[in-house]
There are 2 protein chains.
Amino acid sequence: MPERDVALLGCGLIGQSWAALLLAHGINVSAWDPDGDALAALPRHVLPMLDQLRALGVAAAEPGQIRLAATVEAAVADADWVQENAPENVALKQRLYAQVQAAAPADAVIASSTSSLTWSALATGMARPGRLVTAHPFNPPHLMPLVEIYGTEAAVVDRAVRFYQALGRETVVLKKEATGHIANRLASALWREAVHIVAAGIADVADVDRALVHGPGLRWSVIGAHLAYHLGGGAGGIGHYLQHLGPSQERRWASLGQPRLTPEICQQLVEGIAQEAAGRSIATLEQQRDQGLIAALTARQQLSAGDDHAV
Amino acid sequence: MPERDVALLGCGLIGQSWAALLLAHGINVSAWDPDGDALAALPRHVLPMLDQLRALGVAAAEPGQIRLAATVEAAVADADWVQENAPENVALKQRLYAQVQAAAPADAVIASSTSSLTWSALATGMARPGRLVTAHPFNPPHLMPLVEIYGTEAAVVDRAVRFYQALGRETVVLKKEATGHIANRLASALWREAVHIVAAGIADVADVDRALVHGPGLRWSVIGAHLAYHLGGGAGGIGHYLQHLGPSQERRWASLGQPRLTPEICQQLVEGIAQEAAGRSIATLEQQRDQGLIAALTARQQLSAGDDHAV
């Protein structure tokens, strides 16, 4: 991979996780954050993530070096790649890009981890918009394979695909930009119904989560939703499914809930989560999530090692 | 488990898979199907599923016996439990229940595998509606842990929970019945947006599926959607998330698509699936799905063996 030096702008959860992934792949990281404490804490946050990556077999013979930069300009001065993980605020990100354009090498790509803003909004006012891509990772990026990419300059998009693939990521390039890209649109759609099911008194928060984890979630970790309906059509596949069950699917779509996040429903969600968490702290839940992800990813590695025909 | 003899009505995909699960747990199966060929093929279909269950460590010292019954009455005559897997047709299922009520022991529970019909519709006209439960498995039932249960008689619902838990299933009891129960409502909601993303030209079928499998699907195989947003709120959890990102979530909900399954969109889906399948037959895809599920389930078993605090 030609990129050896990556500037990380923003050292929150996403920035920390990117840092771990980059370092484990032998890439140098120049990190900057407006909050000096967050910046100083980066090496400490990265350590346990490097251990998790080692458990997955991701550890370069020569790990990358981490450098804490006092300014945006210092962070990007020698960067091949700039990964921006600033808060979801268009004006703030645009100001950062102006600084980057003034101080970074001309051929450095600027990649935004934005989950909810569009490329068009972010690229407005850039001298060369084509050097910007949105490259949305799924949290936590050092474990979750997906990176969703959108850009307008084909060579830059190709370079982004190669960059993230070299980091062991699964890249999906959007043909057209969309708020929430693909994954968060799907997640939003599902969660809306999950909130409806709680609000309508069909099931509690914890039971909705259990149904997902032991039902569709498990299945979607193996095959996608489209392909699942293809198999749901029996020998006739998706064609048979659409012909025979398409109308009942449309009726179900019409019956889906349209909840609002009213104070009452928010209260129900907060209480339901408290029951589900059963005293476990956020840190404990994150640790358990990561253990589950590492186990699932290890299972995938073993499966693809034994079979060339992964779905 | 007190249930030793189960009558299976309907030997399609779901019936076959139930049969394998029951036999592997040492339970005798009396099977009936109006299609004599489907009935005769049952033992042959069950064999590879028993192998899959053995790979997961599910194999009773004394496996159950399988008996093919010529009539509904013969199938249910000595049954402790009746699992009905007939086509999704209310009148047809009600006719079956009339036969079952006339021929089965009075204390045998009637459980319907229905995915899309409600308990109320099915129970109409029964002498003792309380003996009916809906017990919806997720396809394929011998691998997918989830069984969603609804009934109106507490003792029968409790018995259903114990029955399916003894089969190693994860049970979720609905507080109120709902078309599509929980899991298929969630799946429908997600698929509607998945179809919209294809129809709107944002991404192809295969890329939507890849984004799901490497993003939210993987995550939802480990933690539910509600809990995921709890962790998305950082140290403040779901309360912080709802306060700060609730409005943007509502805006995203408002932006979700409302596609129809028009001939044009169906054509796009069929062609997209063909590209994704890339020549793989339904049988091959099913086999690959099952291999993936078995790997994921094995990883879960290992994880829960090593840790009492599974999420």
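Here is a walk through a predicted model, from the contact between its chains to a run of strands inside chain A.

Let's start where chain A and chain B meet. Each side brings its share to the contact: 97 residues come from chain B and 97 residues from chain A. On the chain B side, the element that gives the most is helix α13 (residues 282-306), with 14 residues. If you sort the chain B residues that touch chain A by type, you get 51 nonpolar, 28 polar and 18 charged.

Now for the core. The largest nonpolar core holds 196 residues, and A:Val82 and B:Val82 are the ones that touch the most other members. So what does A:Val82 touch, once you leave aside its neighbours within four places in sequence? The list runs to A:Ala7, A:Leu9, A:Val76, A:Val100, A:Ala104, A:Ala108, A:Val109, A:Ile110 and A:Ala111.

A few of those names lead on to a strand. A:Val109 and A:Ala111 sit on one side of strand β5 (residues 109-112) of chain A, while A:Ile110 and A:Ser112 sit on the other, and all of them are buried, leaving both faces covered. Strand β4 (residues 81-84) of chain A pairs with β5(A) in the parallel sense, over four bridges. One place to see this is A:Trp81, whose bridge partner in β5(A) is A:Val109. Trace the chain from β4(A) through helix α4 (residues 90-103) to β5(A) and you have followed a right-handed β-α-β unit.

From β5(A) we can step across to β6(A): these two also pair in the parallel sense, this time over three bridges. Look for A:Ser112, which stands opposite A:Thr134 in β6(A).

The next step changes direction. Strand β6 (residues 132-137) of chain A and β7(A) pair in the antiparallel sense, with four bridges. Here A:Pro137 stands opposite A:Val147 in β7(A).

How well covered is strand β7 (residues 146-150) of chain A? Five of its five residues are buried. On one side you'll find A:Leu146, A:Glu148 and A:Tyr150, and on the other A:Val147 and A:Ile149, so to speak a strand with both faces covered.

One more strand to go. β7(A) is joined by four bridges to strand β8 (residues 170-173) of chain A, and the two run parallel. To spot the pairing, find A:Ile149 and its bridge partner in β8(A), A:Val173. Between these strands comes helix α6 (residues 154-166) of chain A, and β7(A), α6 and β8(A) make a right-handed β-α-β unit.

Notes: Residues numbered from 1 in each chain as written. Chains lettered and ligands numbered in written order. Predicted model: local features only at pLDDT ≥ 70, side-chain atom pairs only at ≥ 80, totals over all residues. Contact = placed C-beta atoms within 7 Å. Nonpolar A, V, L, I, M, F, W, Y, C, P; charged D, E, K, R; others polar. Core = buried A, V, L, I, M, F, W, Y, C linked by C-beta atoms within 7 Å. Buried ≥ 20, exposed ≤ 12 C-beta atoms within 10 Å, placed from the backbone. Pairing = 2+ DSSP bridges. Right-handed = clockwise from strand over helix to strand, strands pointing away.
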